[in-house]
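Work through the exercises below with the sequence and the model side by side. Try each task before reading its solution.

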Amino acid sequence: MNVRAQMSMVFHLDKCLGCHTCTVACKNIWTDRKGAEYMWWNNVETKPGTGYPTKWEDQEIYKGGWERTKSGKIKLRGAGKLKGLMNIFHNPNLPVIDDYYEPFTYKYLDLIEAPQTDEQPTARPISLITGKPIDIKMGPNWDDDLSGTPDFARKDVNLKNLTPAEQEAMFQLEQMAFYYLPRICNHCINPACVASCPSGAIYKRGEDGVVLIDQSVCRGWRMCITACPYKKAYYNWNTGKSEKCLLCYPRIESGQAPACMHSCVGRIRYLGTLLYDADKIEEVASSEEKDLIANQMDIYLDPNDPEVIKAAKANGIADSTIKAAQKSPIYKFVKEWKIALPLHAEFRTVPNLFYVPPLLPVMASVTQNNKSDGSELNPISKHWSDEWLYDTSIDEIFGTIEQARFPIKYMANLFSVGDTELMTEKLKKLMAIRIYRRYKTVGDISKEKSDRALAEVNLSEEDAEGLYRLTSLAKFDERFVIPAAHREQAIEMAESTADVKGSTGMGFREPPVRGL
Amino acid sequence: MNLLLFGALPYMALALFIAGTIYRYKTGFKYSSLSSQLLETDRLFSASLAFHIGIITIFLGHLIGFLAPSLFIPIGGSSLVIVETIGVMFGVLALIGMVLLFYRRVTNDRVKMVTNKMDIIIEILLMVQFIIGILIAIDMHWGSQWYLSNMVPYLHSIFSFQPDISGISVMKPLAQVHVVIAFLIIGLVPFTRLVHFLVAPFHYILRPFQVVRWYWNPKTINDANRQWQDVKRPKNN
């Protein structure tokens, strides 16, 4: 057992309101620079939709991630040692700026300086690359809230194995639904960007698993852009170096939450430590598609197991990190309650960002035609009743999930490698908590029904209470359990403090050079 | 004049090359291929491929002749014609690539924004160098042989710090210009994007896929008995 610590995340999609505050916080801190205008280390997508860059999930186009060979090993799909060096002069799989969008601003000064005429002055959009006027064709969240539109929602890559009828049902005017998918770098356990970098500039930090690009070693060979299946490595056309989300490591090293998470209005984001077994990385990444998620869950270790603690200490993991792992909200969501799933585990990078799937778009108002009393949504006035939402009053406990208005298959394509059973299980858990809370607070559901619902999804009352608490009431310190980095150990390792007494600071260790 | 061009210039260029590349490497951030593929990819494909394949082959040809002249000496007769033809072909390939790249650079609005003066200077120099090289191959046949008899001894004399310019002084002006421009380019390398060929990532073949870096060695940090052994003075003190 080779225990390592990993900063990992849970995003609770039922709580995401799509306000893009995370995106703006990130942009203001990190990418508001020349060459980085088009980069959105954090972005929020509307699903169904094509996302950013357009259709990033379609690896037939972008050739990202790993694929399993016939011999059961894995190889990079569009990069790798031979392919990477062969394509170094021109990378055929590199997305170009138009796949993202051409960054733009407006000539605001024209509004003030235009001479007096009969017409209102306008502020024309200009390209942030060339400085010339452009027609804006695309933006970073161009498909925001546009579910049902032919250009965006219907081209969603995750619709691929849905029948035309199922797709059509999704986009019926009064049936249409959507939800938001905020994305940042997954700080994967088996990162494809690291593996693809010819210069060896990208690395995973041993202490907390953050994946970074060493800017002084990056030579702009552009292979990471192709290799990252989530398209979260970006090429800065101005500096000629690639950049990516750094999980605000200066903040987490001092125990603060990353900017996107700290600013999250819906409080959907959780950050904590997971312990994992680094000896099993290859085995997990190359497992068969149907076992991918189960095996990934196995790589994370129980931080309360004495064996694990012993192995962790032998590996130099600090006590404070182990303690943080024991209190980790991520461990609870992912391992204890098993309610969060990774995004597109089939890319085989073993991502460390987990999503609690959204119940709302799947369930909302599906019962309009199946109400037990036979009533329906008024077709003319479209009168809305709160009972349409999460109808927990019907006799059948999970009756509505199978008749979901979002095909479970679609959700499964995103979060469970197409496994609809796994997906249904998670949705049922979310539903069970609602039934339980309704029994507790409103009281119109019997204890028997609530108990039956919890029993069916293998949750104890304690679990349900904990899940409810962490979902709805959790304060900052419960959502973010971040062990500060042990800089003092790094300094001791670098030099004898007595040697540098009286001189400036404590000096620094040359390799590895950190920071921008 | 000859002494200045063939005796002094090479040393100035080489000194500039060594000092410049080291300085630029030490300042860290600036070594990059400075790819513009993100901004324009279609026209880059044929241009970049033609240029790189052409120039690398030609460069290797010159380098092997310089390092191991004995490999070329036995070549004669019809195989000589083949070697020369191949040489010209790759020279033309590199020239075509360079012209296309240059044309792309000055006509594409986006690429223009990432172009600086040194890009233009070095690309023009390279184009001139390719043209002269092709002209030499056509005008002065069997270059792979006189390169060995006249130029290689001259280059060897330069690198062994006993410059002997007698061989080069009797060459046709075309070849002399070729040599002068070559050393000019060598001297300019540290100030241009060409530095990226010095950091060509061959080590990628040998390294493991995943890279993990530690702030400190996790195995030794908890060992209380360890003395201050492998401790170095920090660099900023």
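**Exercise 1. Taking stock of the chains**

How many helices and how many strands does chain B have? Set the result beside chain A.

Solution. This is a predicted model. Step one: count in chain B. Chain B has eight helices and one strand. Step two: read their order from the N terminus. The elements run α-α-α-α-α-α-α-α-β, so the strand ends the series. Step three: turn to chain A, where there are 23 helices and 15 strands. Step four: check burial. In chain A, 49% of the 516 residues count as buried. In chain B, buried residues make up 22% of 237 residues. Step five: look at contacts between residues at least 6 apart in sequence. In chain A, 69% of them join residues at least 24 apart. In chain B the share is 81%.

**Exercise 2. A sheet built from two chains**

Which strands make up the open sheet of three strands, and in what order? Derive the order from the pairings.

Solution. Step one: start from strand S8 of chain A, residues 202-205. Three bridges join S8(A) to strand S9 of chain A, residues 211-213, and the two run antiparallel. Step two: find the partner in the other chain. S8(A) also pairs with strand S1 of chain B, residues 212-213, in the parallel sense over two bridges. Step three: put these together. The order is S9(A)-S8(A)-S1(B), and the pairing is mixed. Step four: identify the edges. S9 of chain A and S1 of chain B each have a single partner strand, so one side of each is left without a neighbour in the sheet.

Now place the residues. Lys204(A) stands opposite Val211(A) in S9(A). In S1(B), the bridge partner of Lys204(A) is Val212(B). Tyr203(A) has Leu212(A) as its bridge partner in S9(A).

Which residues of S8(A) point one way, and which the other? Ile202(A) and Lys204(A) point one way from the strand. Tyr203(A) and Arg205(A) point the other way. All are buried. Finish with the turn: five residues lie between the strands of the S8(A) and S9(A) hairpin, and there Gly209(A) takes a positive phi near 75 degrees.

**Exercise 3. A five-stranded sheet in chain A**

Which strands of chain A stand at the edges of the five-stranded sheet, and why is one side of each left without a neighbour?

Solution. Step one: write down the order. The open sheet runs S13-S12-S1-S15-S14 in chain A, with mixed pairing. Step two: look at the ends. Strand S13 (300-301) and strand S14 (341-342) stand at the edges; each has a single partner strand, so one side of each lacks a neighbour in the sheet. Step three: inspect one pairing. Strand S1 of chain A, residues 3-12, runs parallel to strand S15 of chain A, residues 353-356, and four bridges join them. Val10(A) stands opposite Phe354(A) in S15(A).

**Exercise 4. Reading the faces of a helix**

Which residues of helix H20 of chain A are buried, and what does their arc say about where they sit?

Solution. Step one: list the buried residues. In H20(A), residues 447-456, these are Ser450(A), Ala453(A) and Leu454(A). Step two: use the arc. They cover an arc of only 95 degrees around the axis, which puts them on the same side of H20(A). Step three: go to the face turned away. This face carries the exposed residues Glu448(A) and Ala455(A). Step four: find the packing partners. The buried residues of H20(A) pack against helix H19 (420-441) and helix H21 (461-473) of chain A. Step five: look just past the helix, where Asn458(A) takes a positive phi of about 60 degrees.

**Exercise 5. Two helices crossing**

At what angle do the axes of H19(A) and H21(A) cross? Classify the pair and describe the contact.

Solution. Step one: take the geometry. The axes come within 10 Å and cross at roughly 95 degrees. Step two: classify. Angles of 65 to 115 degrees count as roughly perpendicular, and H19(A) and H21(A) are therefore roughly perpendicular to each other. Step three: name the residues. Ile433(A), Tyr436(A) and Arg437(A) in H19(A) meet Ala464(A), Leu467(A) and Tyr468(A) in H21(A). Step four: sort them by class. The contact has five nonpolar, no polar and one charged residues.

Note on methods:
Residues numbered from 1 in each chain as written. Chains lettered and ligands numbered in written order. Predicted model: local features only at pLDDT ≥ 70, side-chain atom pairs only at ≥ 80, totals over all residues. Pairing = 2+ DSSP bridges. Buried ≥ 20, exposed ≤ 12 C-beta atoms within 10 Å, placed from the backbone. Contact = placed C-beta atoms within 7 Å. Arc of directions from axis to C-beta. Axes fitted to C-alpha atoms, helices over the stretch in contact; angles between N-to-C directions. Parallel < 35°, antiparallel > 145°, perpendicular 65-115°, else oblique. Nonpolar A, V, L, I, M, F, W, Y, C, P; charged D, E, K, R; others polar.
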